[in-house]
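Thanks for coming. I will go through one chain, starting with the whole and then moving to helix packing and a few single residues. Please have a look at it first.

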Amino acid sequence: MSAKTIRNYVAFVSSVLSYAVKMGMIRDNPCSRVTLPPIEQKEKEVYTLEEAQHFLDTLEQQAPLRYQAFFVLAMYSGLRRGELLGLEWPDVDFDGHIVTVRRSSLYTKEKGIFTDTTKTKQSQRTLKLPDSVFSLLRKYRMEQSQERLVLGDRWRAGERLFTTGEGKPLHPSAPYRWLEKFCKETDQRFLGIHAFRHLNASLLIEGGADVRTVSAMLGHSQTSTTLNLYAHSFAEAQARAGEAVANLLETRKRSG
């Protein structure tokens, strides 16, 4: 098992034993003496700004509106895949340029596609996005409305943004499979859907956003999660800020 899985199991067992201590069934919690394996933080692969721009260009030229909307939203919002698939049109405020995250769309073999709450309470959030995103969403909504009219009573996706051509909620694996094929056909690096979330975070940090802002945008329950995931990006941003201060002071010193 992975280090993370082991830690999750130990945490669960520990909570049971802590309750047993509280009820006087045992004297102490043996889990407190367990040595846990360290979790190795791997450097996350992120698209460069040039790769991201090239992806957007080819997306606009070659992709259907459904996937243009999905991946532009993924890049600009940093939403998780389930959060993107759970979006409904009432969540989109075209006048205020705001998208509200209220639910996730998930899949299991037992349940099929189903709607669930977001990953954490903090994941329910409101994001203000650029006008270009909403211009694309307007085009996509118009196209979907035409598909909906054709299907009539056979439409089964309700108000969901991302649906199949037959009007069913989009399967969570569909965007991943489409992206993999698209990247192969257009000779681009394939890093998976979550890479757009990492790209969004990296661009926020590079743009000078503080950890609380980045954490809120990503829907993390704690800022420590954001710091752990993007420690390298924050360190680089701080180094650049330090260099800027030093350069400014040196310039003033020479001019003085």
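What percentage of the 256 residues in the chain is buried? The figure is 39%. Bear in mind that this is a predicted model.

Some overall numbers, then. The chain has 10 helices and five strands. Taken along the principal axes, its C-alpha atoms fill a box of roughly 70 × 70 × 35 Å. On contacts, take those between residues at least 6 apart in sequence: 58% of them join residues at least 24 apart.

Now the helix packing. Two packed helices are described by the angle between their axes and the distance between the axes. I have two pairs to show.

The first pair is α7, residues 194–206, and α8, residues 211–218. They pack at an angle of about 155 degrees, and their axes are 10 Å apart. Angles over 145 degrees count as roughly antiparallel, so α7 is roughly antiparallel to α8. The crossing of these two helices is right-handed. On the α7 side, the contact is made by Arg197, Asn200, Ala201, Leu204 and Ile205. On the α8 side, the residues are Val214, Met217 and Leu218. By class, the contact of α7 with α8 has six nonpolar residues, one polar and one charged.

The second pair is α3, which covers residues 65–77, and α6. Here the axes come within 11 Å and cross at roughly 100 degrees. Angles of 65 to 115 degrees count as roughly perpendicular, so that is the description for α3 and α6. Tyr67, Phe70 and Phe71 of α3 meet Ala174, Pro175, Trp178 and Leu179 of α6. This contact of α3 with α6 has seven nonpolar residues, with no polar and no charged ones.

Next, the loop between α5 and α6. Helix α5 spans 131–151 and α6 spans 174–185, and Arg160 is found in the loop between them. Is Arg160 buried or exposed? Its relative accessible area is 5%, and under 20% counts as buried, so Arg160 is buried. Which side chain does the side chain of Arg160 make a polar contact with? The partner is Glu88, at 3.4 Å. Leaving out residues up to four places away in sequence, Arg160 touches Leu85, Gly86, Leu87, Glu88 and Trp89, and also Arg103, Ser105, Thr115 and Gln144.

Glu166 lies in that loop between α5 and α6 too. With a relative accessible area of 52%, Glu166 is exposed, because the cut-off is over 50%. With residues up to four places away set aside, Glu166 touches Leu151 and Arg154. Glu166 and Arg154 are 12 residues apart in sequence, and their C-alpha atoms are 8.1 Å apart in space.

The last residue is Ala20, in helix α1, residues 3–22. Ala20 has 12% relative accessibility and counts as buried. Which residues does Ala20 touch, not counting those up to four places away in sequence? They are Met25 and Ile26. For a distance across the model, take Ala20 and Tyr107, which are 87 residues apart along the chain. Their C-alpha atoms are separated by 35 Å.

To recap the packing, α7 and α8 are roughly antiparallel, while α3 and α6 are roughly perpendicular. In the loop between α5 and α6, Arg160 is buried and Glu166 is exposed. I will stop there.

Key:
Residues numbered from 1 in each chain as written. Predicted model: local features only at pLDDT ≥ 70, side-chain atom pairs only at ≥ 80, totals over all residues. Heavy atoms only, no water. Axes fitted to C-alpha atoms, helices over the stretch in contact; angles between N-to-C directions. Helix = DSSP H or I, 4+ residues; strand = E, 2+ residues; numbered from the N terminus. Parallel < 35°, antiparallel > 145°, perpendicular 65-115°, else oblique. Left-handed = near helix turned anticlockwise from the far one by under 90°. Contact = heavy atoms within 4.5 Å. Nonpolar A, V, L, I, M, F, W, Y, C, P; charged D, E, K, R; others polar. Buried < 20%, exposed > 50% of the residue type's maximum accessible area, 1.4 Å probe, protein only. Polar contact = N/O pair within 3.5 Å; in protein donor to acceptor, adjacent residues only side chain to side chain.
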